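Trainee: I am new to this structure and would like a close look at a single helix. Could you walk me through one and then show me what lies around it?

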Amino acid sequence: MQYHISSTPQELGQEAARAFVDLYNQAVQDRGIFTVALSGGSTPVHLYKALAQTDLDWSRVRFYFSDERTVPADHKDSNYKTAKDNFFDGVGIQPEHVFRMEGELDPQEAASRYAAVLPDQLDLCYLGMGDDGHTASLFPDTEALTASGRVVANFVPKLNTWRITFTFEEINRSRNIHILATGANKKEVLLEVKNKSGKHPIEGVENPFWYVDAAIAELL
Ligand code: 6PG
């Protein structure tokens, strides 16, 4: 397991932003643009705040999402809204450079429409980890864990809702995968992932680099 431990979530956000800039420079040099899938949840807010303080030619970046809740773009639970409020609006990201998962549509339709707009290979895919070892919206004991294709709708019984999510096939197709995870409530799961327990969905992610804080990394 490759990881970097930061003392606080804020420091983690700055460290992850530095890595973003390095990969941005490489991708723009090689291909002219940098394609990034942002993750959901609350942890990315620390990255967003750091990126919002970063001076880059943002017109060279194309933003995607690795999963989304089945809600409209202006809903409080929207992963897109979290990125827009904490990052995009602050640095003037052009709407045409952001490819949002359409959570307000029928989930199956939203998933197939999204697969059609994805680049052949993402430069960077961000993920998080839940305290049940899920990542993106690949939850334990759900159909998407074994789904083929790039993007699927996934019913999550424990949340009693549908989600739109990248499959493992899409995640592992990315040039780089960064997982941002914080909090003592997840430390046992992280240790099991490190020990390859085979119990957690996130273990299906190949060769990620982890950005963790001291609280979650206590047992590593
Ligand atoms: C989502 C996410 C999900 C998230 C984890 C961690 O849409 O909820 O994609 O996989 O990354 O649940 O969430 P926190 O960062 O809030 O702990």
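Mentor: Let us take helix H3 and then move outward to the core and a few loop residues. This is a predicted model, in which local features need pLDDT of at least 70, side-chain atom pairs count only at pLDDT 80 or more, and totals for chains, interfaces and linings use all residues. Residues are numbered from 1 along each chain as its sequence is written, and side-chain values use heavy atoms, with hydrogens and water left out.

Helices (H or I, at least four residues) and strands (E, at least two) are DSSP runs, numbered from the N terminus. Helix H3 holds 13 residues, 79-91, and should span 18 Å at 1.5 Å a residue, because the expected span is 1.5 Å times one less than the number of residues. Its end C-alpha atoms are indeed 18 Å apart, which agrees. Even so, H3 bends by about 45° at Asp-85, where the bend is the angle between axes fitted to the seven residues ending there and the seven starting there.

Now look at the two ends. Ser-78 caps the N-terminal end of H3, with a side-chain oxygen 3.2 Å from the backbone nitrogen of Tyr-80. Just after H3, Gly-92 takes a positive phi of about 70°.

Which residues of H3 are buried? They are Asn-79, Tyr-80, Thr-82, Ala-83, Phe-87, Phe-88 and Val-91; buried means under 20% relative accessible area, exposed over 50%, and partly exposed in between (1.4 Å probe, protein chains only). These buried residues pack against strand S2 (34-38), helix H2 (44-51), strand S3 (61-65) and strand S4 (67-69), with contact meaning heavy atoms within 4.5 Å.

Phe-88 leads us to the largest nonpolar core, as one of the residues with the most contacts inside it, alongside Phe-20, Phe-34, Trp-58, Phe-63 and Phe-166. That core has 65 residues, and a nonpolar core is a set of buried Ala, Val, Leu, Ile, Met, Phe, Trp, Tyr and Cys residues joined through side-chain atoms within 4.5 Å. Its largest share, ten residues, comes from helix H1 (residues 9-31). In soluble globular proteins, nonpolar side chains tend to be buried together. Leaving aside neighbours within four places in sequence, Phe-63 is in contact with residues including Phe-87 and Phe-88, as well as Phe-20 and Trp-58.

Finally, here are two loop residues to find. Most residues other than glycine have a negative phi. Asn-207, however, has a positive phi of about 55° although it is not a glycine. Asn-207 sits in the loop between helix H6 (187-194) and strand S9 (209-213), and counts as exposed because its relative accessibility is 67%. Ala-136 also has a positive phi, near 45°, and lies in the loop between strand S5 (124-127) and strand S6 (151-156). Ala-136 is buried, with a relative accessible area of 11%.

Definitions and conventions:
Polar contact = N/O pair within 3.5 Å; in protein donor to acceptor, adjacent residues only side chain to side chain.
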